[in-house]
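User: Hey, I've got a protein open on my screen and I'm a bit lost. Can you walk me through it?

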Amino acid sequence: MTNFRDILNGVSKTSLQRVFNAVRVWSSYHQSKVTGKPSISGLPISISIEPTTSCNLRCPECPSGLRSFTRPTGMLQQMLFRNVIDQLASKLSYLIFYFQGEPYLNPGFLDMVRYASSKGIYTATSTNAHYLTAENAKRTLESGLDRLIISIDGTTQDTYEAYRVGGSLEKVIESTRQIVALKKQLKSKTPHLVFQFLVVKPNEHQVPEVYRLAKQLGVDEVMLKTAQIYDYENGSDLIPDQDKYSRYRKSSSGKFEIKNNLDNHCWKMWHSCVITWDGKVVPCCFDKDAHFVLGDLSKNTFEEIWFGDQYNQFRSSLLKSRKEIEICKNCTEGTKVWA
């Protein structure tokens, strides 16, 4: 029932303009697959925007956690954000406030959510829940946020902190209880609460337990996610033993390989993109360090970037040989494992 309510909420935000835009994007993607030449005739259906690169945790396979970025760190500013939303609002269906970092560290984050919500856009974010104070929980509900993804990668503290280094499972659970209680108190149907469980070897035995914990706390949905491992070829202590929870498999050579044929197409390049905190447009969430900057919103409009030569050259190279693009080599787009 709770998932059905979330679907109805998403449907309620549709408009003829958004539907027509989605049809144009879908059609141009399939035309490009057939012809092998990039054609794009609609604006993105969804975007990810980065509130900040800062994070309080030190997760071992995350550039924010490792403090390993080569790009600048900083906070998304209201002026840039509103400019982007004003350009895209009539066509945009889904907006996720996340790329790298912890969104709640940006003081203006919930004001941005409120602004996007006022435009009828379905809004979502992903958080480690350490900053979901009573005040922030109330402001989250008031902002109109539609989906709140809470990372909970273990059901005991030792397992949780094996990946979420520096984190407190007790804090995550308390924050979850707080927002569930507040939703009931204010009789709010949103945000749809999701426990996201990143399945790695230290916690794979706790998958059944996270479902039980979610039910006990009143969380609406559990989402299992496979882990991206940077140096996976020689294996890793994080790769699960259970094959269904892994993005990788051991080849006949004894090395690990990704479960992906890396066919020469990618839906993401037509329907979505990522905008960094400082206005750089990058192809997708696999370009964590923004090596493939396709445009800068401080210099050009979004349409100029989206339909521009640089973006189409990237789409063209992907249609010709996706395997040769560095950020595509560790990508799950096109596979049947969780992303």
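**Chatting through the fold**

Analyst: Sure, let's start with the strands: β1 and β9 run parallel and are joined by four bridges. One pair to look at is Ile47, whose bridge partner in β9 is Cys273. Keep in mind that this is a predicted model.

User: Okay, and which way do β1 and β2 pair, parallel or antiparallel?

Analyst: Parallel, over four bridges, with β1 at residues 46-49 and β2 at residues 94-97. Ile49 has Phe97 in β2 as its bridge partner.

User: What does β2 join to through four bridges?

Analyst: Strand β3, residues 122-127, and those two run parallel. Tyr94 stands opposite Tyr122 in β3. To get from β2 to β3, the chain passes through helix α5, residues 109-118, in a right-handed β-α-β crossover.

User: Back to β9 for a sec. Where do its side chains point?

Analyst: Ser272 and Val274 point one way, while Cys273 and Ile275 point the other way. In a regular strand, side chains alternate between the two faces of the sheet. Here all four of those β9 residues are buried.

User: And how do β9 and β10 pair?

Analyst: They are antiparallel, with two bridges. Ile275 stands opposite Val281 in β10. The hairpin they form has four residues between the strands, and Gly279 there takes a positive phi near 90°.

User: Let's switch to α5. Is it mostly covered or uncovered?

Analyst: Mostly covered, as seven of its ten residues are buried. Among them are Phe109, Met112, Val113 and Tyr115.

User: What do the buried ones pack against?

Analyst: They pack against α4 (78-88), β2, β3 and α6 (134-143). After α5 comes Gly120, which has a positive phi near 75°.

User: Can we zoom in on one residue there? Why does Leu110 count as buried?

Analyst: Leu110 has a relative accessible area of 4%, so it counts as buried, since the cut-off is under 20%. Leu110 sits in helix α5. Leaving out residues up to four places away in sequence, Leu110 touches Tyr104, Asn136, Arg139, Thr140 and Ser143.

User: How far apart are Leu110 and Phe99?

Analyst: They are eleven residues apart in sequence and 16 Å apart in space, going from C-alpha to C-alpha.

User: Now the core. Which residues touch the most other members of the largest nonpolar core?

Analyst: Phe81, Leu95, Phe97, Phe195, Ile275 and Phe302, out of the 90 residues in that core. Nonpolar side chains tend to be buried together in soluble globular proteins.

User: What is Leu95 in contact with?

Analyst: Not counting neighbours within four places in sequence, the contacts of Leu95 include Ile47, Ile49, Phe81, Ile85 and Ala116. Tyr122 and Thr123 are also among them.

User: Anything odd in the backbone?

Analyst: A few spots are worth a click. Thr190 and Pro191 are joined by a cis peptide bond, with omega about 0°. Pro191 lies in the loop between α8 (169-186) and β5 (192-199). Lys187 is in the loop between α8 and β5, and it has a positive phi of about 55° although it is not a glycine.

User: Is Lys187 buried or exposed?

Analyst: Exposed, with a relative accessible area of 76%. Ala290 is another residue other than glycine with a positive phi, near 55°. Ala290 lies in the loop between β10 (280-282) and β11 (295-296), and it is buried, with a relative accessible area of 14%.

User: Last bit, the big picture. How many helices and strands are there in the protein chain?

Analyst: Twelve helices and eleven strands. Along its principal axes, the C-alpha trace spans about 55 × 50 × 40 Å. The radius of gyration is 20 Å, which agrees with a compact globule of 339 residues, because that would have a value near 20 Å.

User: What share of the residues is buried?

Analyst: 55% of the 339 residues. The protein chain exposes about 15400 Å², and carbon and sulfur atoms supply 52% of that. As for contacts with a separation of 6 or more, 68% are between residues 24 or more positions apart.

Terms used. Residues are numbered from 1 along each chain as its sequence is written. This is a predicted model: local features need pLDDT of at least 70, side-chain atom pairs count only at pLDDT 80 or more; totals for chains, interfaces and linings use all residues. Side-chain values use heavy atoms; hydrogens and water are left out. Two strands pair if DSSP finds at least two bridges between them. A crossover is right-handed if, with the strands pointing away from the viewer, the path from the first strand over the helix to the second runs clockwise. The radius of gyration is taken over C-alpha atoms; the globule rule is 2.2 Å times the number of residues to the power 0.38. Buried means under 20% relative accessible area, exposed over 50%, partly exposed in between (1.4 Å probe, protein chains only). Contact means heavy atoms within 4.5 Å. Accessible areas come from the Shrake-Rupley method with a 1.4 Å probe; for residues, only the protein chains shown count as cover. A nonpolar core is a set of buried Ala, Val, Leu, Ile, Met, Phe, Trp, Tyr and Cys residues joined through side-chain atoms within 4.5 Å.
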